[in-house]
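I wanted to go through one helix, the nonpolar cores and the aromatic pairs of this model, and I kept notes as I went.

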Amino acid sequence: MPRSVETLVVGGVIGDVLDMFTPASEFTVQYGGKQVTNGCDIKPSAAADKPHVKILGHPLSSNLYTLVMVDPDAPSPSEPRLREWLHWIVVDIPEGHDATKGRELVAYMGPQPPTGIHRYILALFKQEGAMEGRVQVADVRANFSTRRFAAQNRLGLPVAAVYFNSQKESAVRKR
Amino acid sequence: MPMAMAMPVTTDCGSGSRWSMVSLKSALPPLASSIKLPCRRRTPPPRTRSPQLVRSFSALSPVNPLHSLGFSDMSSFGQNFTIIDNGCRFFAMRHGRRVPKLNRPPDQRRALLRGLTTQLLKHGRIKTTRARASAVRKYVDKMITLAKDGSLHKRRQALGFIYEKQIVHALFAEVPDRYGKRNGGYTRIIRTLPRRGDNAPMAYIELV
């Protein structure tokens with residue numbers, strides 16, 4: 001839907017992390033019961049575990065997808081020296097299924113924003129074929145580049161993306 | 001104004017005899033001089049209107065039963081004169097006024113905006129109400145413009161506005177790289193869901 005691309009542009013996702021694309025697929029991300037919409041607030045404690053990611057589509061089609069989760073505002077949105085911080089990579093997700101059916105290249109790390117309000121972007125790429133052993137991933141999570149990763153693995157432009165905000169919860173619980 | 005206070009004490013005969021023009025004019029304070037209504041950019045009141053109104057009031061006074069009873073005190077009568085007669089145009093509507101007041105007196109307003117710009121420059125992205133986010137844009141842009149200039153005088157001006165001096169020094173160090181090519185519009189506002197406690201419309205404001 002073109003509307004969702006506009007929210008990504010407004011939120012700075014397209015520009016900072018991704019290039020302009022037309023959404024070709026849809027996927028849903030859920031943390032506990034809460035569905036992630038563009039720009040919504042998720043607490044780090046609620047996002048500590050992997051979300052349920054489901055790619056909508058026909059389960060029998062042979063398309064495989066790659067999911068990448070990054071944080072472009074590490075360590076702080078005013079000084080993103082470590083842009084982007086890699087949180088999660090899953091490859092070979094079959095269409096119509098959820099992310100547990102894929103192969104996790106980089107283990108999931110929950111949001112832990114030290115300061116400020118960070119954006120966490122989940123981008124979905126369509127693969128040409130199954131990723132064999134060609135994917136090489138750096139050991140460090142800092143200074144990751146989604147564009148470089150997509151170019152290296154011939155993923156092209158993303159087919160879907162969603163992002164949410166998260167900030168450090170104060171020690172004293174606010175009502 | 002001894003004459004003014006002495007007049008209503010007498011009996012309630014025909015009001016025309018008591019309210020003579022000379023005694024009225026001498027009793028009242030000089031018109032249209034001391035009363036200032038909050039009107040900006042309006043022309044000063046034309047002085048020529050005041051004598052006409054005095055005449056009209058003297059004509060109206062027999063009609064008003066309160067005057068004939070003698071209960072009307074001079075102060076309310078005088079006040080009627082000042083509100084209508086001042087000539088300074090006083091509107092009940094807010095047409096064209098662009099300063100956001102943020103439901104605060106001026107000193108608190110300034111402190112709020114200083115605090116918000118300090119926090120925005122410190123954290124890069126903050127979540128606040130839409131009215132505040134919209135109001136703080138101007139001040140953040142001003143601070144970044146000061147930093148773009150970079151001279152000592154501008155640095156001291158920024159130090160006088162932002163509460164933490166580390167932030168000012170960091171700002172002056174990084175703004176030329178970060179915003180060197182951008183002309184204005186250094187912030188972005190993203191509207192978001194209302195706050196749970198009072199349903200206030202919220203927004204994220206971030207440095208572009």
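The entries below follow that order and concern a predicted model.

Entry 1, a helix. I looked up α10(B), residues 165–179, and found that its 15 residues reach 20 Å from the first C-alpha to the last, close to the 21 Å expected at 1.5 Å a residue. I then noted a kink of about 35 degrees at Ala173(B), shortly before the proline Pro176(B). Ile167(B), Val168(B), Leu171(B), Phe172(B), Val175(B) and Tyr179(B) are buried in this helix, and I see the buried residues of α10(B) packing against α7, α8, α9 and β3 of chain B.

Entry 2, the cores. In the largest nonpolar core, which has 28 residues, I list Leu121(B), Val140(B), Met143(B), Ile144(B), Ile162(B) and Leu207(B) as those that touch the most other members. Two or more residues each come from α7, α8, α9, α10 and β3 of chain B, with the largest share, 8 residues, from α8(B). Leaving aside neighbours within four places in sequence, I find Leu121(B) in contact with residues including Ser78(A), Ile167(B) and Leu171(B). I also recorded a second, separate core of 26 residues, which includes Phe144(A) and Ile190(B).

Entry 3, aromatic rings. I count 6 aromatic pairs over all chains. Tyr120(A) and Phe164(A) have ring centres 5.5 Å apart and planes at 25 degrees, so I class the pair as stacked; Tyr120(A) lies in strand β8 and Phe164(A) in strand β9 of chain A, 44 residues apart. Phe164(A) counts as buried at 0% relative accessibility. For Phe144(A) and Phe149(A), the centres are 5.7 Å apart and the planes at 45 degrees, so this pair is tilted.

Definitions and conventions
Residues are numbered from 1 along each chain as its sequence is written. Chains are lettered from A and ligands numbered from 1 in the order in which they are written. This is a predicted model: local features need pLDDT of at least 70, side-chain atom pairs count only at pLDDT 80 or more; totals for chains, interfaces and linings use all residues. Side-chain values use heavy atoms; hydrogens and water are left out. Helices (H or I, at least four residues) and strands (E, at least two) are DSSP runs, numbered from the N terminus. The expected span of a helix is 1.5 Å times one less than its number of residues. The bend at a residue is the angle between axes fitted to the seven residues ending there and the seven starting there. Buried means under 20% relative accessible area, exposed over 50%, partly exposed in between (1.4 Å probe, protein chains only). Contact means heavy atoms within 4.5 Å. A nonpolar core is a set of buried Ala, Val, Leu, Ile, Met, Phe, Trp, Tyr and Cys residues joined through side-chain atoms within 4.5 Å. Rings of Phe, Tyr and Trp (its six-membered ring) pair if their centres lie within 6.5 Å; planes under 30 degrees apart count as stacked, over 60 as edge-to-face and the rest as tilted.
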